[in-house]
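I sat down with this one to look up how its pieces pack. Here are my notes, in the order I made them.

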Amino acid sequence: MLPAIHIKRTIDFNKGFRSLLEVLKLVAVSEYHNLEHKLRTFERLQSVLGEFFRCIDTSKINHPFLNPGGRPTAVLAVTSDAGLLGGINMQVVSKAVNLVHETQGRLIVIGERGVVYALDSGLPFTHFPGIIDSQRYAQACEIRDTLTQKVMSGELGGLKVVYPRAHSFVIHRVEVETFIPFALPERTEAAKTSADTHEASKEIIFESTPSEVIEYLAYIIFGQRLYEIFGFSRVCEQAARYLHLEESCNKISEMNKKLLLQYFRRRHEIIDSNMRELFSARSIYAK
């Protein structure tokens with residue numbers, strides 16, 4: 001059994017360490033709200049493109065972005081290089097690996113920590129460096145260019161992106177978004193009025209072919225959407241960090257409760273032992 005002094009030192013260390021974790025929790029909360037405030041989405045772009053795509057009849061367009069064919073699907077896993085995130089990176093990679101098995105596709109990982117989990121899966125994969133806030137847009141464009149070139153060359157077919165997203169400060173999930181085959185904005189509503197769509201297409205003069213127009217717009221949307229997803233992942237990183245730190249604080253509190261019981265038990269044993277020794281010594285002295 002450990003001496004009482006060692007138990008007391010451990011309790012004091014745990015208290016100081018828990019105070020440090022509480023500070024890190026406050027930092028995570030501040031960063032979460034700061035990033036959430038800066039996060040910008042392009043909902044207006046989706047609305048405008050939805051109206052534009054109403055004027056195009058895509059039923060006769062054969063393009064790799066619309067019809068991936070039998071080519072392998074790329075599964076892009078977005079992970080974080082930051083620490084104290086709990087198991088969020090492992091969840092992202094596990095979901096991506098399951099999709100690769102289901103689609104017989106290829107795994108692509110963003111982030112060095114995700115590479116560690118991908119190695120454990122035993123699957124071949126390629127990877128990109130982790131996302132840096134100051135370079136987020138440039139990295140989104142670089143990854144988009146690389147993947148779209150592989151799709152256009154026929155090396156890849158479909159494209160799915162797996163990433164973590166915080167729906168609130170304490171609720172975050174791993175989500176999957178399909179990039180290719182490209183889902184035209186508001187395509188379902190346009191299909192209900194196919195006659196109007198054909199009439200509208202006859203009234204528009206295209207300088208480029210409809211296939212080239214869709215390719216360019218899809219290319220723009222892919223970059224914009226990857227930029228948004230990287231932002232969602234960064235916000236989720238802070239939420240996951242807060243939950244992980246909160247869980248660690250609770251574990252330390254439970255540990256200290258057990259250590260306090262051991263400490264008081266050990267103290268009582270020492271006091272009882274000293275009292276017995278004093279009583280024995282006094283008895284011997286009296287005789």
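What follows is my run through the sheet, the helix pairs, the aromatic rings and two backbone oddities.

**Entry 1: ground rules.** I am working from a predicted model, and I kept in mind that local features need pLDDT of at least 70.

**Entry 2: the sheet.** I began with the strand order. The sheet is open, has 5 strands and reads E3-E2-E1-E4-E5, with mixed pairing. At the edges I found E3 (125-128) and E5 (172-180), each of which pairs on one side only. From one strand to the next I get an average twist of 25°.

I then picked out one pair of strands. E1 (residues 74-78) and E2 (residues 106-110) run parallel and are joined by 5 bridges. To fix the register, I noted that Ala 77 stands opposite Val 109 in E2.

Which helix packs on the sheet? I found H3 (residues 88-103) there, touching E1, E2, E4 (159-166) and E5. The direction of H3 makes about 155° with that of E4.

**Entry 3: H3 with H4.** I stayed with H3 and looked at its packing against H4 (residues 112-121). The angle is about 45° and the axes are 9 Å apart. H3 and H4 are therefore oblique to each other, since 45° falls neither under 35 degrees nor in the 65 to 115 range. I logged the crossing of H3 past H4 as right-handed.

On the H3 side, the contact uses Asn 89, Met 90, Val 93 and Val 97. On the H4 side, I listed Arg 113, Gly 114, Tyr 117, Ala 118 and Ser 121. Sorted by class, the contact of H3 with H4 comes to 5 nonpolar, 3 polar and 1 charged residues.

**Entry 4: the loop after H3.** I checked the backbone between H3 and E2, where Gln 104 sits in the loop. Phi of Gln 104 is near 55°, so I flagged a positive value in a residue other than glycine.

**Entry 5: H1 with H8.** Next came H1 (residues 4-38) and H8 (residues 210-286). Their axes are 8 Å apart, and the packing angle is about 165°. An angle over 145 counts as roughly antiparallel, so that is how H1 and H8 are related. H1 passes H8 in a left-handed crossing. I have the contact of H1 with H8 down as 21 nonpolar, 7 polar and 12 charged residues.

**Entry 6: H5 with H8.** H8 turned up again, this time with H5 (residues 136-152). The axes of H5 and H8 come within 9 Å and cross at roughly 135°. H5 and H8 are therefore oblique to each other. I noted their crossing as right-handed.

From H5, I wrote down residues including Arg 136, Tyr 137, Ala 140, Ile 143, Arg 144 and Met 152. Among those they meet in H8 are Glu 215, Tyr 219, Phe 222, Leu 226, Tyr 227 and Phe 230. The contact of H5 with H8 divides into 10 nonpolar, 4 polar and 4 charged residues.

**Entry 7: aromatic rings.** How many aromatic pairs are there? I have 6. One I looked up is Phe 13 with Phe 17, which is stacked, at 6.2 Å centre to centre and 5° between the planes. Why are these two separated by about one helical turn? Because Phe 13 and Phe 17 are 4 residues apart in H1.

**Entry 8: a cis bond.** Last, I went through the peptide bonds and stopped at Ile 180 to Pro 181, which is cis with omega near 5°. Pro 181 lies in the loop between E5 and H6 (187-192). E5, to tie this back to Entry 2, is one of the edge strands of the sheet.

Notes:
Residues numbered from 1 in each chain as written. Predicted model: local features only at pLDDT ≥ 70, side-chain atom pairs only at ≥ 80, totals over all residues. Heavy atoms only, no water. Axes fitted to C-alpha atoms, helices over the stretch in contact; angles between N-to-C directions. Left-handed = near helix turned anticlockwise from the far one by under 90°. Nonpolar A, V, L, I, M, F, W, Y, C, P; charged D, E, K, R; others polar. Pairing = 2+ DSSP bridges. Contact = heavy atoms within 4.5 Å. Phe/Tyr/Trp six-rings, centres within 6.5 Å; stacked < 30°, edge-to-face > 60°.
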